[in-house]
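Thanks for coming, everyone. I'll keep this short. Let's put the structure on the screen.

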Amino acid sequence: MENLNPFDDPNGVCCVLSNDQQQFSLWPDTLLVPAGWHVVFGPSAREQCANWLEENWRDMRPQSLRLHDAASFEQE
């Protein structure tokens, strides 16, 4: 049987990670959480984690850019 990349395993257990810019990553539970990131959901089935991301990550821009854009809009 072929070894799947843990990021590509549809049957894998995952976590959803977040960084200080409120960006998210679907992360295999078998790998260490990288520095600067923390678990916000899971571990759970990959599909459940993907659903969490779909429901909770509405704006892919980093938080600093969202705040900058909001400040620029208020100044107009």
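**Cys49 and its surroundings**

Let's start at Cys49. Set aside its neighbours within four places in sequence. Cys49 is then in contact with Cys14, Cys15, Val16, Leu26, Phe41 and Ser44. Keep in mind that this is a predicted model.

Which residues make up the largest nonpolar core? There are six in all: Cys14, Val16, Phe24, Cys49, Trp52 and Leu53. So Cys49 belongs to this core, and two of the residues it contacts, Cys14 and Val16, belong there too. Each member counts as buried, because a nonpolar core is by definition a set of buried residues joined through their side-chain atoms.

Where do these residues come from? Two elements give two or more residues to the core: strand 1, residues 13-19, and helix 1. Helix 1 gives the most, with three residues. As a general point, nonpolar side chains tend to be buried together in soluble globular proteins.

**The whole chain**

Now step back. The protein chain has two helices and three strands. What pattern do they follow along the sequence? Read along the chain, the pattern is β-β-β-α-α.

Next, burial. The chain has 76 residues, and buried ones make up 21% of them. The exposed surface comes to about 5700 Å². Carbon and sulfur atoms supply 52% of that area.

Then contacts. Take those between residues at least 6 apart in sequence. Of these, 44% join residues at least 24 apart.

**The loop between the helices**

Last stop: the loop between helix 1, residues 46-56, and helix 2, residues 63-75. I'll pick out two residues here, Arg58 and Met60.

Arg58 first. Is Arg58 buried or exposed? Its relative accessible area is 69%, so Arg58 is exposed. The cut-off for exposed is over 50%. The Arg58 side chain also has backbone partners. A polar atom of that side chain lies 3.4 Å from the backbone oxygen of Glu54. The side chain also reaches the backbone oxygen of Glu55, at 3.3 Å.

Now Met60. Why does Met60 count as exposed? Because its relative accessible area is 60%, and the cut-off is over 50%. Met60 takes us back towards the core as well. Its C-alpha atom is separated from that of Phe24 by 8.4 Å, although the two residues are 36 apart along the chain. Phe24, remember, is one of the six core residues.

That's my tour. Over to you for questions.

Technical notes:
Residues numbered from 1 in each chain as written. Predicted model: local features only at pLDDT ≥ 70, side-chain atom pairs only at ≥ 80, totals over all residues. Heavy atoms only, no water. Helix = DSSP H or I, 4+ residues; strand = E, 2+ residues; numbered from the N terminus. Buried < 20%, exposed > 50% of the residue type's maximum accessible area, 1.4 Å probe, protein only. Polar contact = N/O pair within 3.5 Å; in protein donor to acceptor, adjacent residues only side chain to side chain. Contact = heavy atoms within 4.5 Å. Areas by Shrake-Rupley, 256 points an atom, 1.4 Å probe, with all protein chains shown as cover. Core = buried A, V, L, I, M, F, W, Y, C linked by side-chain atoms within 4.5 Å.
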